[in-house]
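Grab a viewer and a pencil. Here are a few exercises to work through on one model, each with a solution you can follow step by step.

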Amino acid sequence: MTTTIAHHIGGNWVEGEGAPLLDVNPAFPGTVLAEGRHATPAQVDRAVEAAALAAPGWAATPFRSRAAVLVRAAAHIRAHADQWGRELSEEEGKTLAEGTGEVRRAADILDYAASEADRSTGELFDSPRAGERVLVVRKPIGVAGVITPFNFPIAIPAWKIAPALSYGNAVVWKPAEVVPLLAIRFAEALEAAGLPPGVLNLVHGGVEVGSRLVEHPGVNAVSFTGSTTVGRALIARCGALGKPVQTEMGGKNAAVVLADADLAAAAAQIVPGVFGATGQRCTSNTRLIADRAVAGDLLEEVVRLAGAITVGDPLDPATTMGPLVTATARDNVERAVADAVAAGARPLTGGEPYRDGMLAEGFFAGPSVLAAPGPELPLWRTEVFGPVLAALTADGPQEALAMANASDYGLSGAIFTKDVSTVLDAIDRFDVGVLHVNTNSAGADLHVPFGGEKGSGFGPKEQGRAPRDFYTRTTTVYLKG
């Protein structure tokens, strides 16, 4: 049964007034999951107006009452986790286990954001003047514009929207246009939990909708996750508008494996770090830098584990890797691999597109491991966003870390070693926002800051308590009786 793609504006579910919008199953592209129409700029305006109208009342609502709404929404999500996890897998292409796990994680994020009600919301300082105290109080920013990507269609919205709501802001949200169904489900959960009309508004669409949201004078700040190219353009535009912006962008994350590492354990981490979620994670460890002394043995094990991956229908329990999200995404991966091979990269496994059957008809690309001829290879430098690992060798930890840092990106990284001194050096020198020691570079926990350096991030970090620095503003109060 096909679902209608509706927009949530001012507490009402409404049809779009723009171009047609189709949501298809990437494993079976002939299957339409949902259909409707894009929002128009006028509908974005109405959504912002609704948010601006609702924001003062929501900000004035006691923190614990706002938190209670998030807790109820989390319970609603958990109650529907199996159904929504299946829908996520059908819509985005993750395996069923990954899809259900992501839905449950979104509920956990809402609970964590609700727990902010039990923490300090300001600071008290002594004054150099007698009889006076200095308070630093935090206030919501007002209306937040939120733009989210396809690859985590409910978890990333949760870790942006939950803290925004927790701190008393209203939100206008534009999800990626290829995953409207999970966006609707998330909005439904908050509506069912009793979120007042207008506090969360959902508008579907493409560039036109996103641009109108960013440009709207009623939007006080913008949070974005997506490509570095779009993110940097957004940073420039928000700078010109004098509008706070938070961006989480691309990654080309390196896994460094040194000569003293446990190679079997390293390979067992690296393979899911590359191929989990079909490589469609900004934290995937898509570069492998192995010490020359162990590179051969390590790559042999990596190739063996990659060869054991079962590609297929993400709803099949036997499947361990599903399709890419669109035909364009699949074509981009195939082109990047073919160009790399033409430039001298040596395929160790994979490297060829599927030619027949379901895998050729769907948006599938198999796991590929390539030995790169050198760091000048475009595949080594450019984010591909698919199941592709490029490998190079290094002589010792100093050269390996230098190679890892020689990137425009700085989101996440991993180092595998038993030497504590090397780990301490990597903590100081590995130029990333998230560093993993003896685990892969993918993923991050919800209670600690997440975000990157260089071309991978701009503005305050996300997750943990870090969003407070983006979704609130401070007033310093000199208080004397």
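The exercises below cover two sheets, then pockets, then cavities.

A quick note before you start: this is a predicted model, in which local features need pLDDT of at least 70, side-chain atom pairs count only at pLDDT 80 or more, and totals for chains, interfaces and linings use all residues. Residues are numbered from 1 along each chain as its sequence is written, and side-chain values use heavy atoms, with hydrogens and water left out.

**Exercise 1.** Work out the strand order of the 7-stranded open sheet and find its edges.

Solution. Start with the elements: helices (H or I, at least four residues) and strands (E, at least two) are DSSP runs, numbered from the N terminus. Two strands pair if DSSP finds at least two bridges between them. Walking across, you get S14-S15-S16-S13-S12-S18-S19, with mixed pairing. S14 (346-349) and S19 (434-437) each have a single partner strand, so one side of each lacks a neighbour in the sheet. Now zoom in on S19: S18 (residues 412-416) runs parallel to it, joined by 4 bridges. One pair to click on is Ser412 and its bridge partner in S19, Val434.

**Exercise 2.** Find the angle between neighbouring strands of that sheet, then place helix H10 against it.

Solution. Axes are lines fitted to C-alpha atoms (for helices over the stretch in contact), and angles run from 0 to 180 degrees between N-to-C directions. Contact itself means heavy atoms within 4.5 Å. With direction ignored, neighbouring strands are turned by 25 degrees against each other on average. Next, the helix: H10 (residues 295-307) lies across S12 (254-257), S13 (287-291), S14, S15 (368-371) and S16 (388-394). Its angle to S13 is about 145 degrees.

**Exercise 3.** Do the same for the 3-stranded open sheet.

Solution. The order here is S5-S6-S22, and the pairing is antiparallel. S5 (122-126) and S22 (472-480) are the edge strands, each pairing on one side only. From one strand to the next, the twist averages 20 degrees. S6 (residues 132-140) and S22 share 9 bridges, and Leu135 has Val477 as its bridge partner in S22.

**Exercise 4.** Describe the largest pocket and the second largest pocket.

Solution. Define things first: on a 1 Å grid over the protein atoms alone, a cavity is a set of points where a 1.4 Å probe fits but cannot get out, while a pocket is an open set with protein on both sides within 12 Å along at least five of seven lines; lining residues have an atom within 4 Å of a point. Grid points are joined across faces, edges and corners, and a volume is the space filled by probe spheres set on the points.

The largest pocket comes to about 1300 Å³. It has 44 lining residues, with Phe224, Thr225, Gly226, Ser227 and Val230 nearest its centre. H8 contributes the most to this lining, 7 residues.

The second largest pocket has a volume of about 340 Å³. Of its 20 lining residues, Arg105, Phe152, Arg281, Gly443 and Ala444 are closest to the centre. H4 gives the most to this lining, with 5 residues.

**Exercise 5.** Count the cavities and see what lines the largest.

Solution. There are 4 cavities of 30 Å³ or more. The largest has a volume of about 100 Å³. Its lining includes Ile109, Tyr112, Trp159 and Leu446. H4 (96-114) and H5 (155-166) each give two or more residues to it, and H4 gives the most, 3.
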